[in-house]
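Reader: I'd like to learn how to read a fold like this one. Could you walk me through it, feature by feature?

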Amino acid sequence: MSEGFSRPVAGHVPVLRLGDVLLVTLQGDLHDSTAQQLQQDLSETIAHSRVTGVVIDISGVEIVDSFLGRVLAEIAAQAELLAARTVVAGMRPAVAITLVELGLTLPGLRTALTTEAAMELLAQPIVSSRSGGLRQGSP
């Protein structure tokens with residue numbers, strides 16, 4: 001996939017490649033089967049395209065249930081294993097409240113208020129911390 005090329009992944013979920021980042025835009029209700037297919041397709045796309053980041057824009061999603069929350073966390077974990085970072089952008093306040101009420105902390109999942117902020121977050125270099133872990137930002 002070349003820069004700016006868009007193709008549907010998981011049926012009707014558009015994925016746009018912007019340089020080394022995949023932009024996934026979720027709209028409306030995402031059925032469980034579509035969410036699972038998206039998870040599988042994204043892992044394959046990350047592995048084959050060698051992107052370094054994934055932005056999942058959920059600003060068009062009204063409700064995130066425990067299943068979709070778990071799928072988002074699993075996408076981030078799989079992407080991390082494939083050397084790509086994931087940022088979820090555009091989370092509505094009601095969605096954030098619901099996730100907290102469900103007890104979903106979504107470990108490893110970074111968030112940003114907008115797609116632009118997510119792209120900026122992914123543009124920041126990763127540096128090693130003294131404890132041996134990785135963190136974003138400058139040394």
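Author: We'll go from the overall make-up to one helix pair and then to single residues. Keep in mind that this is a predicted model.

Reader: Let's start with the big picture. How many helices and strands does the protein have?

Author: The secondary structure comes to four helices and eight strands. Reading from the N terminus, the order is β-β-β-α-β-α-β-α-β-α-β-β.

Reader: And what share of the residues is buried?

Author: Here the cut-off matters: buried means under 20% relative accessible area. By that rule, 42% of the 139 residues are buried. As for the outside, the accessible surface is about 7,600 Å², and carbon and sulfur atoms account for 55% of that.

Reader: What about contacts between residues far apart in sequence?

Author: Take the contacts between residues at least 6 apart in sequence: 63% of these join residues at least 24 apart.

Reader: Now the helices. What describes two packed helices?

Author: You use the angle between their axes and the distance between the axes. In this model, look at H1, residues 32–49, and H2, residues 66–81: their axes come within 10 Å and cross at roughly 10 degrees. H1 is therefore roughly parallel to H2, since angles under 35 degrees count that way.

Reader: Which residues of H1 and H2 meet?

Author: From H1 you get Asp 32, Ala 35, Gln 36, Leu 38, Gln 39, Leu 42, Ser 43 and Ile 46. On the H2 side they meet Phe 67, Leu 68, Val 71, Glu 74, Ile 75, Gln 78 and Ala 79. Sorted by class, the contact of H1 with H2 holds nine nonpolar, four polar and two charged residues.

Reader: Let me zoom in on one of them. Is Ser 43 buried or exposed?

Author: Ser 43, in helix H1, counts as buried because its relative accessibility is 17%. Setting aside residues up to four places away in sequence, Ser 43 touches Gln 78 and Leu 82.

Reader: There's another serine in H1, Ser 49. What does its side chain reach?

Author: The side chain of Ser 49 reaches the backbone oxygen of Thr 45, at 2.6 Å. Ser 49 is buried too, with a relative accessible area of 13%.

Reader: What about the residue leading into H1? Where is His 31 found?

Author: His 31 is in the loop between strand E3 (21–27) and H1. Its relative accessibility is 54%, so His 31 counts as exposed, the cut-off being over 50%. Also look across to Phe 67: the C-alpha atoms of His 31 and Phe 67 are separated by 9.8 Å, with their positions 36 residues apart along the chain.

Reader: Next, backbone angles. Which phi does Arg 50 have?

Author: Arg 50 has a positive phi of about 55 degrees, although it is not a glycine. You'll find Arg 50 in the loop between H1 and strand E4 (53–60), and at 69% relative accessibility it counts as exposed.

Reader: And what is the phi of Ala 83?

Author: Ala 83 has a positive phi as well, about 70 degrees, and it is not a glycine. Ala 83 sits in the loop between H2 and strand E5 (85–89), and is exposed with a relative accessible area of 59%.

Reader: Let's try a strand. Which residues is Ser 59 in contact with?

Author: Ser 59 is in strand E4. Leaving out neighbours within four places in sequence, Ser 59 is in contact with Ala 89, Gly 90 and Arg 92. For Ser 59 and Arg 92, the C-alpha atoms are 6.5 Å apart in space, while the residues are 33 apart in sequence. A polar contact of 2.8 Å also joins the side chains of Ser 59 and Asp 57. With a relative accessible area of 33%, Ser 59 is partly exposed.

Reader: One last stop: where is Glu 116?

Author: Glu 116 belongs to helix H4, residues 115–123. Its relative accessible area is 55%, so Glu 116 is exposed. The C-alpha atoms of Glu 116 and Gly 90 are separated by 9.9 Å, and the two residues are 26 apart along the chain.

Terms used:
Residues are numbered from 1 along each chain as its sequence is written. This is a predicted model: local features need pLDDT of at least 70, side-chain atom pairs count only at pLDDT 80 or more; totals for chains, interfaces and linings use all residues. Side-chain values use heavy atoms; hydrogens and water are left out. Axes are lines fitted to C-alpha atoms, for helices over the stretch in contact, and angles run from 0 to 180 degrees between N-to-C directions. Helices (H or I, at least four residues) and strands (E, at least two) are DSSP runs, numbered from the N terminus. Angles under 35 degrees count as roughly parallel, over 145 as roughly antiparallel, 65 to 115 as roughly perpendicular and the rest as oblique. Contact means heavy atoms within 4.5 Å. Ala, Val, Leu, Ile, Met, Phe, Trp, Tyr, Cys and Pro count as nonpolar, Asp, Glu, Lys and Arg as charged, and the others, Gly among them, as polar. Buried means under 20% relative accessible area, exposed over 50%, partly exposed in between (1.4 Å probe, protein chains only). A polar contact is a pair of N or O atoms within 3.5 Å; within protein, one must be able to donate a hydrogen and the other to accept it, and residues adjacent in sequence count only if both atoms are side-chain atoms. Accessible areas come from the Shrake-Rupley method with a 1.4 Å probe; for residues, only the protein chains shown count as cover.
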